[in-house]
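This note is addressed to a colleague who is meeting the structure for the first time. Please keep the sequence and the 3D view at hand while reading.

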Amino acid sequence: MYVELEDSVQVFEKNVRISDIATVWTADPALCSKIKNAVIYHFENTSAGKQVISLLWLTRTVLSQFPDCVIIPHGESDCVVELVPASEKDGKNTFLQKCKVALVSLICLFGGAFSIMAFHNDIDITALFSKFYEFVTGNVSSGFTVLEISYSIGLLVGILVFYNHVGKKKIVPEPTPIEVSMRNYERDMDEAVVKRWEREGKKIDVD
């Protein structure tokens, strides 16, 4: 039996089955179906919660029910399982989620704008553009010339190209910097949860 454990998953039921946290394959379809449906953990309540299940515990669970199996493991050594309330699964908190997204978007927008303005103020870009304009044209800059206009357009285009997004569409199919950052953040969070559960003795593991 080949087992590939996920690094983190979300479940919507208290009973966590092996198929929820791992990809399983065997040459016997009937046996594979039984293993996938085997319950490996049970959340005590239906509220949101997390648990860490180790590959060793999964192996022990499988062998206790199917002792003739030979397990070949792949993937992660631990899986962070998060129980999501049924209300979120059914989309009952859609309005709340949209409010959170809108709030985060506004924070990113005004935070980014403030950072750009602070940078421009630090380097005194207005005086820099004025001197450069006078040096090239010999005329006094009014502060609203082709230099400022082209720079503003270039700044906008640069941001769109860097973040690889125009509305809901990607410019190129590669992951965006935000997606990469979020994936790294998710991986760091999973590692932190595993370490914390290990220290507190909450990790589901063999003795």
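The numbered points below take up the cysteines, one helix, one loop residue and one strand residue.

1. The coordinates come from a predicted model. The comments that follow should be read with that origin in mind.

2. Across the whole structure, a search for disulfides returns 0. For C69, the reason is distance: its closest cysteine sulfur, in C32, is 9.8 Å away, which is too far for a bond, since a disulfide requires two cysteine sulfur atoms within 2.5 Å. C69 is counted as buried, with a relative accessibility of 13%.

3. C108 likewise takes part in no disulfide. The cysteine sulfur nearest to that of C108 belongs to C99 and lies 16 Å away. In its surroundings C108 is classed as exposed, at 53% relative accessibility; the threshold for that class is over 50%.

4. Helix α8 covers residues 177-200, 24 residues in total. From the first C-alpha to the last, α8 reaches 34 Å, close to the 34 Å expected at 1.5 Å a residue. Immediately after α8 comes G201, whose phi is positive, at about 70°.

5. Which residues of α8 are buried? They are D190, V193, V194 and W197. In general, an α-helix has 3.6 residues a turn, so residues three or four places apart point the same way. The spacing of D190, V193, V194 and W197 in the numbering of α8 may be viewed in that light. The partners against which the buried residues of α8 pack are three strands: β2 (8-11), β6 (49-54) and β8 (78-83).

6. D124 deserves a separate look for its backbone: it has a positive phi of about 50°, although it is not a glycine. D124 is located in the loop that lies between α5 (94-123) and α6 (125-137). Is D124 buried, partly exposed or exposed? With a relative accessible area of 44%, D124 is partly exposed.

7. V39 belongs to strand β5, which spans residues 39-42. Its relative accessibility is 35%, so V39 counts as partly exposed. When neighbours within four places in sequence are set aside, V39 is in contact with N15, V16, R17, T61 and Q65. L58 is 19 residues away from V39 along the chain, and the C-alpha atoms of V39 and L58 are separated by 10.0 Å.

Note on methods: Residues numbered from 1 in each chain as written. Predicted model: local features only at pLDDT ≥ 70, side-chain atom pairs only at ≥ 80, totals over all residues. Heavy atoms only, no water. Buried < 20%, exposed > 50% of the residue type's maximum accessible area, 1.4 Å probe, protein only. Helix = DSSP H or I, 4+ residues; strand = E, 2+ residues; numbered from the N terminus. Expected span 1.5 Å × (residues − 1). Contact = heavy atoms within 4.5 Å.
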